[in-house]
Amino acid sequence: MDSIKVLFKKIKETVFLKKYMLHIFLPLTICSIFLGWESREILIYNEIEPIFWKALIITLLIIIFGFVTYLIRLQYRLSYGIIEFFAGIMSVYIAIIACLRKGSFIYYDSLAILGGFYIIVRGMDNIKQGIEDLLKKSD
């Protein structure tokens, strides 16, 4: 009987591990494909230009900044949500202004607008959770 329990436990751990790995590697794979596609001209036509390295360094700094910002969000969720909400509004506003000035609308613009929309929704969610946290602490 113990061997059957051990077998089921191993199967359960393996399924969990595969599911966990999927959540990690699928987004990384998609991001790698996107970055490879966007930088193909830099790498193929101009070998390796300084702009590629600058973009890579800036991206790494933004990832570090994102991690630090996440730690701040854990402590001050309501304030973070309010800032995030207004940042989303500004993102959408700036993207729409850019479209109107150009007089055209390309897929980069739709990504900027959708990104701003997502930031607004996340901000509203963080505001809601921040208020709930404050109410729990006051009880």
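Visitor: What makes the pairing of Arg122 and Asp125 a salt bridge?

Guide: The term asks for a side-chain nitrogen of Lys or Arg within 4 Å of a carboxyl oxygen of Asp or Glu. The side chains of Arg122 and Asp125 meet at 3.0 Å, N to O, so the pair fits the rule. Bear in mind that this is a predicted model, where local features need pLDDT of at least 70, side-chain atom pairs count only at pLDDT 80 or more, and totals for chains, interfaces and linings use all residues. Residues are numbered from 1 along each chain as its sequence is written, and side-chain values use heavy atoms, with hydrogens and water left out.

Visitor: Where do Arg122 and Asp125 lie?

Guide: Both belong to helix α5, residues 107–138, and they are 3 residues apart, about one turn of the helix. Helices here are DSSP runs of H or I with at least four residues, strands are runs of E with at least two, and numbering starts at the N terminus. An α-helix has 3.6 residues a turn, so residues three or four places apart point the same way.

Visitor: Which residue forms a salt bridge with Glu132?

Guide: Lys128 does, with the closest N and O atoms 3.2 Å apart. Glu132 and Lys128 are also both in α5, 4 residues apart, about one turn of the helix. The count of salt bridges comes to 2.

Visitor: Why is Arg122 called partly exposed?

Guide: Buried means under 20% relative accessible area, exposed means over 50%, and partly exposed is in between (1.4 Å probe, protein chains only). Arg122 has 23%, so it is partly exposed. Asp125, at 24%, earns the label partly exposed too. Glu132 at 34% is likewise partly exposed, and Lys128 is partly exposed at 47%.

Visitor: What makes Asn126 buried or exposed?

Guide: Its relative accessibility is 0%, so Asn126 counts as buried. Asn126 lies in α5, whose buried residues also include Asp109, Gly116, Ile120, Gly123 and Gly130. Contact, meaning heavy atoms within 4.5 Å, shows what surrounds Asn126: leaving aside residues up to four places away in sequence, it touches Arg73, Arg77, Leu78, Tyr80, Gly81 and Glu84.

Visitor: What joins the side chains of Asn126 and Glu84?

Guide: A polar contact of 2.6 Å. The term covers a pair of N or O atoms within 3.5 Å; within protein, one must be able to donate a hydrogen and the other to accept it, and residues adjacent in sequence count only if both atoms are side-chain atoms. Glu84 is itself among the buried residues of α4, together with Arg77, Gly81, Gly88, Val92, Ala95 and Cys99.

Visitor: Why does Ser138 count as exposed?

Guide: Ser138 has 55% relative accessibility, so the label exposed applies. Ser138 is part of α5, and its side chain reaches the backbone oxygen of Leu135 at 2.9 Å.

Visitor: How do you know that the span of α5 agrees with what a helix should give?

Guide: The expected span is 1.5 Å times one less than the number of residues. For the 32 residues of α5 that should be 46 Å, and the end C-alpha atoms are 46 Å apart, so the two agree. In α4, 26 residues reach 37 Å from first C-alpha to last, close to the expected 38 Å.

Visitor: How far apart in sequence and in space are Ile89 and Phe117?

Guide: They are 28 residues apart in sequence, yet 7.6 Å apart in space, C-alpha to C-alpha. Ile89 sits in α4 and is partly exposed, at 34%.

Visitor: What makes the group with Tyr76 a nonpolar patch?

Guide: Patches take residues with over 30% relative accessible area and no salt bridge, joining like charges within 9 Å and nonpolar side chains (Val, Leu, Ile, Met, Phe, Trp, Tyr) within 5 Å. Tyr76 has 54% and is therefore exposed; it lies in the loop between α3 (50–75) and α4 (77–102). Its partners in the patch include Ile57, Leu61, Phe67 and Tyr70, and the whole patch has about 1,000 Å² of accessible area. Such areas come from the Shrake-Rupley method with a 1.4 Å probe; for residues, only the protein chains shown count as cover.

Visitor: How many helices and strands does the chain have?

Guide: There are 5 helices and 0 strands, giving the pattern α-α-α-α-α along the sequence. Of the 139 residues, 12% are buried.
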